[in-house]
Amino acid sequence: MLSRVYIHAVRADGPEHELAAAIRDMMLQASDNLAWLSPGETVLLKPALNSGDPYPSTTHPLAVHAVADLLAE
């Protein structure tokens, strides 16, 4: 079974707010606009931190913030 892949291009030297907006949009697309989430539920964010190397070997810190902010809304 094939899974969908969502892509959103941003400039590597672009402002952080553009990257955060792209992360937010991708999260909403990949999760059916958070249809699975009900008010009051607890969500665990598990970033990929199993490497001693920085991003892109691990989750970008801004991704954690952007997704956490979206879930808090």
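## A walk through the structure, starting at Arg-24

Arg-24 is partly exposed, with 29% of its area accessible in relative terms. That label fits because partly exposed covers the range between the 20% limit for buried and the 50% limit for exposed. Keep in mind as you look around that this is a predicted model.

So where is this residue? Arg-24 sits in helix H1. If you skip the neighbours within four places in sequence, Arg-24 touches Leu-70 and Glu-73. You can also find Ala-63 from here: it is 39 residues away along the chain, yet its C-alpha atom is 8.4 Å from that of Arg-24.

The contact with Glu-73 deserves a second look. The side chains of Arg-24 and Glu-73 form a salt bridge, with 2.9 Å from N to O. Arg-24 belongs to helix H1 while Glu-73 belongs to the segment after H2, so this pair ties together parts that lie 49 residues apart in sequence. On the Glu-73 side, the relative accessibility is 66%, so that residue counts as exposed.

How many salt bridges are there by this rule? The count is two. The other pair to look at is Arg-11 with Asp-13, where the closest N and O atoms are 3.0 Å apart. Arg-11 is exposed, at 60% relative accessible area, and Asp-13 is exposed too, at 58%.

Now let's turn to the inside. In soluble globular proteins, nonpolar side chains tend to be buried together. Here, the largest nonpolar core has nine residues: Ile-23, Leu-28, Leu-34, Leu-62, Ala-63, Ala-66, Val-67, Leu-70 and Leu-71. Which elements give two or more residues to this core? They are H1 and H2. H2 gives the most, with six residues.

Pick out one member of that core, Leu-62. Apart from its neighbours within four places in sequence, Leu-62 is in contact with Glu-16, Leu-19, Ala-20 and Ile-23. Ile-23 is itself on the list of core residues.

Finally, have a look at the surface. Trp-36, Val-43, Leu-45 and Val-64 make a nonpolar patch there of about 300 Å². Where does Trp-36 sit? You'll find Trp-36 in the loop between helix H1, which covers 16–30, and helix H2, which covers 61–72. Trp-36 has 44% relative accessibility, so it counts as partly exposed.

Key: Residues are numbered from 1 along each chain as its sequence is written. This is a predicted model: local features need pLDDT of at least 70, side-chain atom pairs count only at pLDDT 80 or more; totals for chains, interfaces and linings use all residues. Side-chain values use heavy atoms; hydrogens and water are left out. Patches are made of residues with over 30% relative accessible area and no salt bridge: like charges are joined within 9 Å, nonpolar side chains (Val, Leu, Ile, Met, Phe, Trp, Tyr) within 5 Å. Accessible areas come from the Shrake-Rupley method with a 1.4 Å probe; for residues, only the protein chains shown count as cover. A salt bridge is a side-chain nitrogen of Lys or Arg within 4 Å of a carboxyl oxygen of Asp or Glu. Helices (H or I, at least four residues) and strands (E, at least two) are DSSP runs, numbered from the N terminus. Buried means under 20% relative accessible area, exposed over 50%, partly exposed in between (1.4 Å probe, protein chains only). Contact means heavy atoms within 4.5 Å. A nonpolar core is a set of buried Ala, Val, Leu, Ile, Met, Phe, Trp, Tyr and Cys residues joined through side-chain atoms within 4.5 Å.
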